[in-house]
Amino acid sequence: TIEDLDRMTEAARNSDRKTQVGHILRFNPLFAEVKLQCAQGALGELFYLEADYIHNLLVQADPARINPHLGNMNWYLEKELPIVGGGVHQLDLLRWFADSDVESVCGFGNSIAFPAMRSPDCMATLFQFASGAVGKVSALYGPVGDRPPHANLAVYGTKGTFRAGKLMLGEAHDVVETDLSHLEMQGHPYDPQLHSFVESILEDKPTMVDAFSGANSAAATIVAAEAIASGKVLKVPNYGA
């Protein structure tokens, strides 16, 4: 919740310890390369980005997931918000690539594929970044079939595009295409994430995703769920360091 983020960032602000939020996708070599290309200006000024969390999670309705420590509740069915529980990772990638925070968000949802969930299992959201770029993230918990490759990531800039695992640079019809899909690591790169955190401690340098950056990704998706429920465009709070 936003209140949780307030407490988390206040604790971080009042501490001399380093913090890192587990946004694991930043440590996938493919996405790290896209970030490098964006940071070096190869894609030019970014104006549109999209990524999706599309994952068949119908298993969350399994009776074995009823938790006696939570009043015999299935937390996944009663409390889970797909855009927060899953889509926050994709939104964090878009924030990272755009090097910009979200200012406002709107969205729509439905409960057609996984009606056992109390909240919509299909959430589609649009984010307005401070830079002027627009981002789109969808989170689906009841689709048929495998997860799409590369998180459906697409990044569009004035000098280039990344889409379907390929980097396309140039102007008009004079485009050079490079396939980067071989860089993608399957699964979750936990080891690189832990190594990065330890390195930041040993070398006394900033962590990849500190409490404030993590809070800004989480806040945008929490407010996105509120925007879907209200049908309104909502402002997103910002957590400075």
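Reader: Which residues of helix H5 meet helix H7 in this structure?

Author: On the H5 side you'll find Gly-87, Val-88, Leu-91, Asp-92 and Arg-95, and they meet Ser-213, Asn-216, Ser-217, Ala-218, Ala-220 and Thr-221 in H7. Keep in mind that this is a predicted model.

Reader: Okay, but why are H5 and H7 called oblique to each other?

Author: Look at the angle: the axes of H5 (residues 87-98) and H7 (residues 211-230) cross at roughly 120° and come within 9 Å. Roughly perpendicular stops at 115 degrees, and roughly antiparallel needs over 145. The angle of roughly 120° fits neither, so H5 and H7 count as oblique. As for handedness, the crossing of H5 past H7 is right-handed.

Reader: What makes H2 roughly parallel to H5?

Author: Again, the angle. Helix H2 (residues 29-39) packs on H5 at about 30°, and their axes are 8 Å apart. The limit for roughly parallel is under 35 degrees, so H2 and H5 earn that label. Where they meet, H2 brings Phe-31, Ala-32, Val-34, Lys-35 and Cys-38, while H5 brings Leu-93, Trp-96 and Phe-97.

Reader: Is Cys-38 buried or exposed, and how do you know?

Author: Its relative accessibility is 11%. Buried means under 20%, so Cys-38 counts as buried.

Reader: And Phe-108: why is it called exposed?

Author: Phe-108 has a relative accessible area of 66%. The cut-off for exposed is over 50%, so that's the word for Phe-108. This residue is in strand E2, and apart from neighbours within four places in sequence, Phe-108 is in contact with Cys-122, Met-123, Ala-124 and Ile-228.

Reader: How do you know that E2 and E3 pair?

Author: Count the bridges! Pairing takes at least two bridges, and E2 (residues 102-110) and E3 (residues 122-129) have 8, in the antiparallel sense. One of the partnerships is Gly-109 with Met-123 in E3.

Reader: What about E2 and strand E9: how many bridges join them?

Author: There are 2 bridges between E2 and E9 (residues 234-235), and the strands run antiparallel. At least two is what pairing asks for. Across from Ser-104 you'll find Lys-235 in E9.

Reader: How many disulfides does the model have?

Author: The count is 0. A pair of cysteine sulfur atoms has to be within 2.5 Å to qualify. Take Cys-122: the nearest cysteine sulfur belongs to Cys-106 and is 14 Å away, and Cys-122 is in no disulfide.

Note on methods. Residues numbered from 1 in each chain as written. Predicted model: local features only at pLDDT ≥ 70, side-chain atom pairs only at ≥ 80, totals over all residues. Heavy atoms only, no water. Buried < 20%, exposed > 50% of the residue type's maximum accessible area, 1.4 Å probe, protein only. Helix = DSSP H or I, 4+ residues; strand = E, 2+ residues; numbered from the N terminus. Axes fitted to C-alpha atoms, helices over the stretch in contact; angles between N-to-C directions. Parallel < 35°, antiparallel > 145°, perpendicular 65-115°, else oblique. Left-handed = near helix turned anticlockwise from the far one by under 90°. Contact = heavy atoms within 4.5 Å.
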